[in-house]
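Open the model in your viewer and keep the sequence panel in sight. The stops below say what to select and what is there.

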Amino acid sequence: MSAARSGTATGERTRDGRRPPEQGSPERESQAWGSHPADERERGRSVPPARRVGRFGVVAGLNAVVDLGVFAALVALRPSPGPQELAVLSAVAVVAALVHSYVWNSRWTFGDRRARSSLRARRAQRVRFAVQGAVNVALGAGVVWAAATVLDATTLPAGATDLLAKLVSMAVASTASYLLMHHLVFRGHRDPV
């Protein structure tokens with residue numbers, strides 16, 4: 001896009017009297033992803049901790065839908081899996097949810113930190129997210145395996161034990177995920193947990 005088309009060469013201004021962001025700037029990039037006007041006002045300052053936790057909760061809820069949906073579809077294709085198979089199916093579902101998680105958490109939950117990051121810092125952030133994701137997959141698979149092994153000894157129906165094992169895994173992995181994202185992946189300007 002030329003400078004003239006972006007409005008910077010023509011002196012064009014937005015409704016609030018500011019110039020539109022330069023092509024390639026973090027502001028322009030966040031606008032391309034459809035940032036909300038309220039997020040525009042927050043640029044330059046941290047998201048309050050309660051709001052950040054709330055945003056993480058919304059993303060976590062959507063991740064749960066992705067995770068459980070993929071998990072249920074995989075279990076339907078392979079009825080009556082044992083604890084080891086259940087752990088593998090859970091890991092595949094977690095990977096699908098992690099992709100969803102990165103997009104939303106990097107753009108919305110921790111977007112204020114991302115807006116102040118350089119391209120190099122965002123690349124390092126992706127590496128840290130991949131490490132966090134590997135921990136999340138391993139932790140989730142381990143908890144599913146352990147919970148399924150324990151629950152198989154109960155009189156609950158097989159489908160109920162599979163779902164309960166997955167839900168326990170999601171609770172543990174989601175808590176660990178938030179802590180890792182807050183303190184490791186999207187580090188930068190610190191705010192209290």
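A residue counts as buried under 20% relative accessible area, as exposed over 50%, and as partly exposed in between. R78 has a relative accessible area of 45%, so R78 is partly exposed. The same cut-offs apply at the later stops. Bear in mind that this is a predicted model.

**Whole chain**

Start with the protein chain in cartoon view. Its secondary structure amounts to eight helices and zero strands. Read from the N terminus, the order of elements is α-α-α-α-α-α-α-α. The chain has 193 residues, and 37% of them are buried. Switch on the surface: the accessible area is about 10,600 Å², and carbon and sulfur atoms account for 66% of that. Among contacts with a separation of 6 or more, 67% are between residues 24 or more positions apart.

**Two salt bridges**

How many salt bridges does the structure hold? There are two.

Select R78 and E85 for one of them. These two residues form a salt bridge, with 2.7 Å between the closest N and O atoms. E85 has a relative accessible area of 30%, so E85 is partly exposed. R78, as noted above, is partly exposed at 45%.

Now select K166 and D67. Here the closest N and O atoms of the salt bridge are 2.8 Å apart. The pair joins distant parts of the chain, since K166 belongs to helix α8 and D67 to helix α4 (residues 49-77), 99 residues apart. Is K166 buried or exposed? K166 is buried, because its relative accessibility is 0%. D67 is also under the 20% limit, with a relative accessible area of 7%, and therefore counts as buried.

**Helices α5 and α8**

Stay with α8 and add helix α5, residues 83-109. Two packed helices are described by the angle between their axes and the distance between the axes. The axes of α5 and α8 come within 12 Å and cross at roughly 40°. The crossing of α5 past α8 is right-handed. To see the contact, show side chains for L86, S90, A93, V94, S101 and N105 on α5, and for D162, K166, S169 and M181 on α8. K166, the partner of D67 in the salt bridge, is thus also one of the contact residues of α8.

**Three stops on α7**

Select N136, which is in helix α7. With a relative accessibility of 9%, N136 falls under the limit and so counts as buried. What does N136 touch, leaving aside residues up to four places away in sequence? The residues touched are V94, L98, A173 and S177. Of these, V94 also takes part in the contact of α5 with α8.

A134 is in helix α7 as well. A134 is partly exposed, because its relative accessibility is 47%. Draw a distance from the C-alpha atom of A134 to that of L98: the separation is 9.6 Å, for residues 36 apart along the chain.

The third stop on this helix is A124. Its relative accessibility is 32%, so A124 counts as partly exposed. The C-alpha atoms of A124 and F186 are 9.8 Å apart, while along the chain these residues are separated by 62 positions.

**After α8**

Move to R187, in the segment after α8. R187 has a relative accessible area of 42% and therefore counts as partly exposed. Add R128 and draw another C-alpha distance: R187 and R128 are 9.9 Å apart in space and 59 residues apart in sequence.

**A nonpolar patch**

Finish on the surface. Select V127, V131, V135, L139, L156, L164, V168 and V172, which form a nonpolar patch there with about 580 Å² of accessible area together. Two or more residues of the patch come from each of α7 (119-151) and α8 (158-185). Which element gives the most? That is α7, with four residues. L156 sits in the loop between α7 and α8. Its relative accessibility is 40%, so L156 counts as partly exposed. Patch residues need over 30% relative accessible area, and L156 meets that cut-off at 40%.

Note on methods. Residues are numbered from 1 along each chain as its sequence is written. This is a predicted model: local features need pLDDT of at least 70, side-chain atom pairs count only at pLDDT 80 or more; totals for chains, interfaces and linings use all residues. Side-chain values use heavy atoms; hydrogens and water are left out. Patches are made of residues with over 30% relative accessible area and no salt bridge: like charges are joined within 9 Å, nonpolar side chains (Val, Leu, Ile, Met, Phe, Trp, Tyr) within 5 Å. Accessible areas come from the Shrake-Rupley method with a 1.4 Å probe; for residues, only the protein chains shown count as cover. A salt bridge is a side-chain nitrogen of Lys or Arg within 4 Å of a carboxyl oxygen of Asp or Glu. Buried means under 20% relative accessible area, exposed over 50%, partly exposed in between (1.4 Å probe, protein chains only). Axes are lines fitted to C-alpha atoms, for helices over the stretch in contact, and angles run from 0 to 180 degrees between N-to-C directions. A crossing is left-handed if the near helix is turned anticlockwise from the far one by less than a right angle, and right-handed if clockwise. Contact means heavy atoms within 4.5 Å.
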